[in-house]
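User: Hello! I have just opened this structure, and I would like a friendly close look at one part, with some of the surroundings filled in afterwards.

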Amino acid sequence: LGADDARLARQALRGALILLVEDNDLNQQVATELLSDAGFVVDVADNGLIGVAMVAAKDYDLVLMDMQMPVMDGLSATREIRKTRTAQALPIVAMTANAMQVDRERCMDAGMNGFVAKPIEPDQLWQALATHLRARPGLGQAALTDAAPTASGVVAQEALGADHSLPVGVVGLDTALGLQRVMGKQPLYLKLLHKFVSGQASATQDLLAALEAQDYALAERIAHTLKGVAGNIGATDLQAEAALLEASIRTRSPVADVLACLHKPAQLLAALLAQLSAALAPRGAPDDRAAAAQPNGHAQPPVDLGSSALLQQLDRLLSEDDAQASQLMEARAGEFKQLLGQAYPGINEAVSEFDFEAALGLLHQARDGAVRG
């Protein structure tokens, strides 16, 4: 299908229920937001075993299946699903950073219908969905015209505010490419950069520990994840070096050779993390957020967490340092504003900057109706 044909087909398929089986939260964020913005309904499973159970419990129109996941990988999950659901009844599209022909053949042998390479290119994703999704009654009826992109394909900076400016001059980061992969959505791209920093901060040490324990499967998965998420944000040099590292581990090269392959991506990763951490540093400290939560030093009425399932859910996600807290705050901003009152701005700012510890402290402070100053 051409790009225009795929767009028209996508509009006709709005409302389709898609299961995304993916273990990495950064990849989850990219795929979920792209699909949701395009009018699809998305559920997420963190690994293949959960995906198999979700398919058994609900009728999905299509499954997007990552290949390398803990607990159960994508190939094993697909084989399990195919015991009860045929390829015609439930299309399964592989979604992986391994794009070699042998990987495609393994996907097809397991019973998959198609293949989308990571990092996700939106046009390729739309074409895969247009090819494999099947029309059914109820789809496309509420189709909305796709938002026209700006001339540059990028959301106007003024609409984001000064606190949401993109990092500039980060060596090894192609922000234009990263934005292209999220269809020019700057707020989403900034979230991905934050998640990259938090999610990959320990990647080198985790990989060294896996090699020391001779857990090559884990080491390969860490390198595979680094390759994929680096590609998502536009860190192409790091992506390429991580791919070489992954290949070295996969072929069970001697540990000395793997460590030699690790040297360059570890250097690139450390430099990128340092630059991004500085560029994305919060403009206000947690104390500033507390002041925003309780202006003028006066007490505010306590927030009753116990009577609100939504606030209880936020409390749990923040306690578990779960990135879905950010998605929840965005999706139900109006309700949170009403429930949290004066405490909302400070908590929302902390969550948007992925400072979940500070957000949790402010939430509990609002619960207790604490007096500042």
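Which helices do the buried residues of α15 pack against?

Analyst: Happy to help! Please keep in mind that this is a predicted model. The buried residues of α15 pack against α8 (186–200), α14 (309–319), α16 (333–340), α17 (344–352) and α18 (356–368).

Let us look at α15 itself. This helix spans residues 324–331, and its buried residues are A325, S326, L328 and M329. Looking down the axis of α15, you would find these buried residues within an arc of 165 degrees, so they line one face of the helix. The background is simple: an α-helix has 3.6 residues a turn, so residues three or four places apart point the same way.

From here we can step across to α8, one of the helices that the buried residues of α15 pack against. L192 sits in α8, and this leucine counts as buried because its relative accessibility is 0%. Leaving aside residues up to four places away in sequence, L192 touches L26, Q29, V30, V182 and I233. L192 and N232 are 40 residues apart in sequence, yet their C-alpha atoms lie 8.2 Å apart in space.

N232 leads us on to N27, since N232 is among the residues that N27 touches. The other contacts of N27, not counting residues up to four places away in sequence, are E22, K118 and V229. N27 lies in helix α2, which covers residues 25–37. Its relative accessibility is 6%, so N27 counts as buried.

N27 also helps to line the largest cavity, together with E22, D23, N24, D66, Q68, A97, K118, H224, T225 and G228. This cavity has a volume of about 50 Å³. Helix α10 (residues 216–233) gives the largest share of its lining, three residues. By class, that lining has one nonpolar, six polar and four charged residues.

There are two cavities of 30 Å³ or more. The second largest has a volume of about 40 Å³, and its lining consists of A203, T204, L207, I222, L226, L245, L262, P265, A266 and L269. Here nine of the lining residues are nonpolar, one is polar and none is charged. Helices α9 (203–212), α10 and α12 (255–279) each supply at least two of these residues, with the largest share, four residues, coming from α12.

Finally, here is the wider setting. The protein has 18 helices and five strands, and 49% of its 373 residues are buried. Among contacts with a separation of 6 or more, 71% join residues 24 or more positions apart.

How confident is the predictor? The average pLDDT is 83, and 82% of the residues score at least 70. Residues 142–163 are below 50, though this stretch has 26 contacts in the model beyond near neighbours in sequence. Where pLDDT is low, the predicted coordinates should not be read in detail.

Technical notes. Residues are numbered from 1 along each chain as its sequence is written. This is a predicted model: local features need pLDDT of at least 70, side-chain atom pairs count only at pLDDT 80 or more; totals for chains, interfaces and linings use all residues. Side-chain values use heavy atoms; hydrogens and water are left out. Helices (H or I, at least four residues) and strands (E, at least two) are DSSP runs, numbered from the N terminus. Buried means under 20% relative accessible area, exposed over 50%, partly exposed in between (1.4 Å probe, protein chains only). Contact means heavy atoms within 4.5 Å. On a 1 Å grid over the protein atoms alone, a cavity is a set of points where a 1.4 Å probe fits but cannot get out, and a pocket is an open set with protein on both sides within 12 Å along at least five of seven lines; lining residues have an atom within 4 Å of a point. Grid points are joined across faces, edges and corners, and a volume is the space filled by probe spheres set on the points. Ala, Val, Leu, Ile, Met, Phe, Trp, Tyr, Cys and Pro count as nonpolar, Asp, Glu, Lys and Arg as charged, and the others, Gly among them, as polar. The arc is that of the directions from the helix axis to the C-beta atoms. pLDDT is the predictor's confidence in each residue, from 0 to 100.
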